[in-house]
Amino acid sequence: MDFFVSTSAPSRQRTDCAIVGVYDKGALSETAQALDKRTGGRISRLVKRGDIRGKSGETLLLTDITGAACERILIVGLGARSSFKRKQHRKALATAIATLGRTGAHDAVSYLGLEEVPDADQYTLARAAVEVVANAEYRIPDHKTANKRPKPSLKRFGIAVASRGARTEVERGIQHAQGIVAGMAFMRDLANHPANVCTPTYLANAAKALARDHRSIKVRVLNEDECRRLKMGSFLSVTNGSEEPARLIVFEYYGAARSQAPTVLVGKGVTFDTGGISLKPPANMDEMKFDMSGAASVFGTFRALAELELPINVVGVVPACENMPSGRATKPGDIVKSMSGQTIEVLNTDAEGRLILCDAITYARRFNPDVVIDIATLTGACVIALGNHYAGLFSNDDELSSELRAAGERADDRAWPLPVGEEYAEGLKSNFADMANVAGREGGAITAACFLGKFTEGLRWAHLDIAGVAYQGGSQKGSTGRPVPLLVDYLLNKQS
Ligand code: BES
Ligand code: MN
Ligand code: ZN
């Protein structure tokens, strides 16, 4: 999809479809008024007849336009003017794209960004518009042999600017969003693959391919022997039961002087989580192919970084493996030694994410990081706590926590802070090892974070539990591409 800036008046813009809004009670937006005037009152007549009321979610498509240069006009309900904010702007565009998808339009221009939106500037609106449109056009790389969904006909999408002065802001918004959506699509493709396609080896090859496409990215892949030499006993204990070999994938992107300490992103890459010997129940177990979403978000973020050529240093560390039961699998009660030297009693083999992350975090120390951020579909408890709207945000550094939270707000990819206190770590005590890998049921997302906290001493560290936000279940089953927008926004704001 191509995105462009439009500076023409709505009536002068040559396009297959002009998208304009109508507020509650049929109040025409300024652009709708302009088109209404040129088309001999077509829009106001329809409003008078009650064909469109301006409620959020409504659309009405007008064709055979005379008096204006466009082929079609798509009228979108915007709801009450006083409550038209960023969120409503996104929703209106999403609705418009859904309707537009049922037409043969090859290009369209949105005038919705010209509306008064109190909580967003032109940059933010343009960025949101590109994200909404591009994500709506995303198609799962499916394996269907019939009834292929037709490719969307929309090829070019224009965003109208309010003034020539706003042009550079809008262009910057479009450019940033294009990096973000490329990263999201990359993440979604990886995560949507079934686990018999997307294995640790597949991920390693995808990383190498990314490095081939972008010279600014270097990738190194460590095999199990190399991980053993690094004494990653905790990581390797998770892959014991699996035939598929584990991999440790390391990305390096240097956009700034080498002397600048990098941000290290650590992504959980469990390509399938059966629970191991602590086997999961069958219902929805297929969704555990998404248990590499943290890893996929790191892949997506590197894709965005390279496309945007950001002047910062970032390292990615992705431990990738399966969690399978077998005669060789780790058993409850087994004790493993992590790369940090600390021993862990594995009371529940289904709490495997933290076991691979702790060694990856220890490995991250060799890069003398400015900050370490791990991203993981870590706990069902986080989904119970926060649902699907906010990721769980944990940190040992208040400033880092606020920066990530603000990035999530700006990017419409939110995270909510939860505590990581010593008091929660009590439950991780073990009679046999330095710690157990699980505590009780209560506060499960927090105790998981506390476990990771035992490996982050002296680091500025944050943990994003994305179990609720990284994918959807049900009829919309699939990867969401989150939290790529949050991560890229954080990195964009680190430039200065
Ligand atoms: N991958 C799961 C977490 C998960 C659950 C993600 C549901 C998405 C949806 C993780 O490895 C896991 O199994 N966690 C356990 C931890 C428990 C054994 C302490 C969980 O959440 O039940
Ligand atoms: Mn698990
Ligand atoms: Zn898992």
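Which residues lie nearest the centre of the second largest pocket? Before I answer, please keep in mind that this is a predicted model, in which local features need pLDDT of at least 70 and side-chain atom pairs count only at pLDDT 80 or more, while totals for chains, interfaces and linings use all residues. Residues are numbered from 1 along each chain as its sequence is written, and side-chain values use heavy atoms, with hydrogens and water left out.

The residues nearest the centre are Lys280, Asp350, Thr379, Gly380 and Ala381, out of 35 that line the second largest pocket; a pocket here is an open set of points on a 1 Å grid over the protein atoms alone, where a 1.4 Å probe fits, with protein on both sides within 12 Å along at least five of seven lines, and lining residues have an atom within 4 Å of a point. The largest share of that lining, four residues, comes from α11, helices being DSSP runs (H or I) of at least four residues and strands (E) of at least two, numbered from the N terminus.

Let me turn to the zinc ion (ligand 3), which is coordinated by Lys268, Asp273, Asp291 and Glu352 at 2.0 to 2.4 Å, where donors are N, O and S atoms within 2.8 Å of the metal, or 3.2 Å for Na, K and Ca. The manganese ion (ligand 2) is 3.2 Å from this zinc ion, and aspartate 273 coordinates both. Aspartate 291 and glutamate 352 sit in loops 61 residues apart and link distant parts of the chain. Aspartate 291 counts as buried because its relative accessibility is 3%, and glutamate 352, at 1%, also counts as buried, the cut-off being under 20% relative accessible area with a 1.4 Å probe and protein chains only.

Methods
Chains lettered and ligands numbered in written order. Buried < 20%, exposed > 50% of the residue type's maximum accessible area, 1.4 Å probe, protein only.
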